[in-house]
Amino acid sequence: MRLPISLVAGTALALGLFWLLALLVAPPEAEPEPRQELTMALAEVPAEPAPEPVPAAAAPPPPPSAPTPPPEPAPAPSVDSAIALPEPELPPMDMPEVPLDETLPDLVETPPDPEPEPRPDPEPTPEPAPEPSPEPAPEPAAAPAASAEPVSREPVDVGRSAQATRRVPPEYPSRARRRGLEGHVVVQFIIASDGRVEPGSIEVVEASPRGVFDRVARRAIADWQFVAAEGRRRARQRLEFQLR
């Protein structure tokens, strides 16, 4: 009795283990098989004759077959997430046509301007011959001492009537000569009683052009000499400046 019961229990135990192993190796997506309840009823088995003893050299029962491995999951389909954008079309640019065989004008070397030749200085104007001194006028008769009056120090205006005994021509300015300038100067001055010109009294009253011949005119008049006379005289003289 013990041997059949142990075989039945061993068989049931082997089936349970096989079932548990199948559950463990089954894929997660597969639904579990409905659980079957096994009902085991023990019944009395009639007595059988004792089995023959199994020789010790008998082969052991074959091991249970290995469970079938679950199928491998299918690879996920490759999805290309790159979105192809259409390239924008740019309007054609208008490029000006430039002729390649355009001829350039020949370079002409301009010669430098020639330097102006210096103008020769004109010969100095010869000094005029001194005028002969006039004969002295007869001295007036002396008045009585009681009626004599002191001579006035104020100059008498004689204009251009003063007679010069020595004339010094003015020197022509070199700058005005180079520029070809001509003109005149009218100077006013005071003649002392001895006929010399007082240097501090010379002044320019008219000049054309202004400021060109003024200095040389004053310098020349300062060396002039006039006829001696009683008292001081205010006179005027016009000096001409002309290129010859």
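Away from its neighbours within four places in sequence, Arg-233 is in contact with Pro-155, Val-156, Val-158, Phe-189, Ile-190, Ile-191, Ala-192, Gly-195, Val-227 and Ala-228. Please keep in mind that this is a predicted model.

Arg-233 belongs to strand 6, which covers residues 233-241. Here is a curious point for the bench: Arg-233 is buried but has no salt bridge. Asp-194, the nearest side chain of opposite charge, is 7.2 Å away, and a salt bridge needs the nitrogen and the carboxyl oxygen within 4 Å. What does a polar atom of the Arg-233 side chain have 2.6 Å away? It is the backbone oxygen of Val-227.

Now to the charged pairs. Side chains of opposite charge can pair when their charged atoms come close. The structure holds 4 salt bridges, including these:

| Salt bridge | Closest N to O distance |
|---|---|
| Arg-236 with Asp-157 | 3.8 Å |
| Asp-194 with Arg-196 | 3.2 Å |
| Glu-198 with Arg-232 | 3.1 Å |

Glu-198 sits in the loop between strand 3 (183-191) and strand 4 (203-208), while Arg-232 sits in the loop between strand 5 (225-226) and strand 6, so this pair ties together parts 34 residues apart in sequence. Arg-236 and Asp-157 form a salt bridge; the pair links strand 6 to strand 1 (residues 156-159), with the two positions 79 residues apart in sequence.

Arg-236 is partly exposed at 31% relative accessible area, and Asp-157 is partly exposed at 46%. Asp-194 is partly exposed too, at 40%, as is Arg-196 at 42%.

Arg-215, in helix 3 (residues 214-221), is exposed, with a relative accessible area of 61%.

Conventions: Residues numbered from 1 in each chain as written. Predicted model: local features only at pLDDT ≥ 70, side-chain atom pairs only at ≥ 80, totals over all residues. Heavy atoms only, no water. Helix = DSSP H or I, 4+ residues; strand = E, 2+ residues; numbered from the N terminus. Buried < 20%, exposed > 50% of the residue type's maximum accessible area, 1.4 Å probe, protein only. Lys, Arg positive; Asp, Glu negative; His and termini not counted. Polar contact = N/O pair within 3.5 Å; in protein donor to acceptor, adjacent residues only side chain to side chain. Contact = heavy atoms within 4.5 Å.
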